[in-house]
Amino acid sequence: LLMMTRTLSTSQFGLWEVVVDLVTFASYPAGLLVYWATRDIARGKLLGKTALGMNLALSAGGMVLYVGLSFLTGSRVGQSDLMTILLAILLVPIAYWNTAANAIVSGYDPVVQGYSTITSEICKLAFAYPLLIVFHVGIDGVIVSLMAANFAQAAASTILARGAFQLPFDPGTGRRWLRRSWLPALSTLPYALGVADTFVASLVAGGTITVGYYQAAFAVASLAGYSYYLGVALYPLLLRGGAGSEELPTITLDLSLLFGIPLAFGAAFLAKPILFVLSPTYVQSTTALEILAFASLANATNIILDQILAGKETIDADESAGVRHFIHSNLFFVFLVDFGSTLIYVLSVLLILVAGTASGVSPVTMIDLWAASQLVVFWAFVAVRVVRIRKGGKLSLRPSLLRYVAGSGLMAVFFVIAGRSLNYGLHASVFVEELGAVALAGVGIYFVFLYATESSFRQVVKMVLKPLTGSKAT
């Protein structure tokens, strides 16, 4: 991200987001069949060959869809950008492979996702540094770097989860997945619709500058949502069932908030210096980042709640279940709340951008309102999900939540005080060192507070340190 914002203009950075949107739209069918692969594999049916084979076949249609969308977009954002957009077409088949591999891993061994992600990030940096910093290739270098990273992730997932490929390609299972593809088609629609905010913005504004300012803030805020990765094993564990599964949702949600809340506070209260590191131009997006940090926390919470609802549902294990049965299931409810929240959000963004452009509102003000609409809608639908879960099972917030908020509040106060001493006139590398020191000190304050006030956190720390200290388990 830092290399991109330091080497790309605001317009190019916005164009990059448009490319990502097009790839997402063209890859929409990628999740239609492998949705069921995750659930079947988690229950012991090792159908990896079927999932991967069918997705690679679908990728041909995805490439055709991408070309069509590219010409439509090129006529709006500028013909000069069309060749760059077309270059990214190879991201589409890689995306289909990656989607299948991730679905297989999710059901077979979720830990592999961590290894494949690390492989992807290393590969991304290995390509991005020479292309962007040494040779100054620009946005084309970003596209090539992402191709390499996604290819590496898909390959790593496929190799590390090869145990899920034991059964031969099964056309019968493929047909069953195809017959039921209407549900994942609906379920993945909100995701495709969700990225339409930046796509709509580029069309309404007739360019990508506004998108660039928004994307800078959104990219940083998204870090606060990474806490949901701590719950990556929740979905397959709930599908498998067994003793202790009733407590898993509460434990996972608490673990996610343990890190998610301070991440959101940190992104919000260090918004200006973080954006300054990306590029001084993006400091104008400070307010948007302060808002989006907490919207990202809501999004991470919603992802975990969706996993709880879908993971506890067993209707698909009955091969005789029809459409009527699925419509009354939690699988369909997840689609309804995802689609409802996304539709309301995108429509609100469209209204803000159309009205703002017509009345001459500045791009900065528009992205602040854009961020605020995301915050309100996402948290409102957290409440809707919680109500549904509590009707059919157990979910509660532990008292430790108040300590997470209090510790994050202390950290935020420190950031406000220490942030005043940051020298924005320093060389970028020196400024990053200063900011890093402030961030680490704030993190230390948070965890010291938790260690002093939360007994369960102390137990976790002692358990983690036992192998290092040589202590024997009691």
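Here's a quick tour of one helix crossing, two nonpolar cores and a buried asparagine. The model is a predicted one. Trp-370 is a handy thread to follow, since this residue turns up both in the contact between α12 and α19 and among the best-connected members of the largest nonpolar core.

**Where α12 meets α19**
- Helix α12 covers residues 209–221 and helix α19 covers residues 363–392; their axes come within 10 Å and cross at roughly 45°.
- That angle makes the pair oblique, and the crossing is right-handed.
- On the α12 side, the contact uses Thr-210, Tyr-213, Tyr-214 and Phe-218, while α19 brings in Pro-363, Ile-367, Trp-370 and Gln-374.
- Sorted by class, that contact comes to 6 nonpolar and 2 polar residues, with no charged ones.

**The nonpolar cores**
- The largest nonpolar core has 98 residues, and the ones touching the most other members are Trp-16, Tyr-66, Tyr-345 and Trp-370.
- Skipping residues up to four places away in sequence, Trp-370 touches Tyr-345, plus Asp-197, Thr-198, Ala-201, Thr-210, Tyr-214, Val-349, Ile-352 and Leu-353.
- A separate core of 34 residues lies apart from the largest one, with Ala-51, Met-54, Ala-154 and Ala-155 among its members.

**Asn-98, tucked into α6**
- Asn-98 sits in helix α6, which spans residues 91–108.
- Is Asn-98 buried or exposed? Its relative accessibility is 8%, so Asn-98 counts as buried, the cut-off being under 20%.
- Beyond its neighbours within four places in sequence, Asn-98 contacts Asn-150, Gln-153 and Ala-154; Ala-154 is also one of the residues in the 34-residue core.

Methods: Residues are numbered from 1 along each chain as its sequence is written. This is a predicted model: local features need pLDDT of at least 70, side-chain atom pairs count only at pLDDT 80 or more; totals for chains, interfaces and linings use all residues. Side-chain values use heavy atoms; hydrogens and water are left out. Helices (H or I, at least four residues) and strands (E, at least two) are DSSP runs, numbered from the N terminus. Buried means under 20% relative accessible area, exposed over 50%, partly exposed in between (1.4 Å probe, protein chains only). Contact means heavy atoms within 4.5 Å. Axes are lines fitted to C-alpha atoms, for helices over the stretch in contact, and angles run from 0 to 180 degrees between N-to-C directions. Angles under 35 degrees count as roughly parallel, over 145 as roughly antiparallel, 65 to 115 as roughly perpendicular and the rest as oblique. A crossing is left-handed if the near helix is turned anticlockwise from the far one by less than a right angle, and right-handed if clockwise. Ala, Val, Leu, Ile, Met, Phe, Trp, Tyr, Cys and Pro count as nonpolar, Asp, Glu, Lys and Arg as charged, and the others, Gly among them, as polar. A nonpolar core is a set of buried Ala, Val, Leu, Ile, Met, Phe, Trp, Tyr and Cys residues joined through side-chain atoms within 4.5 Å.
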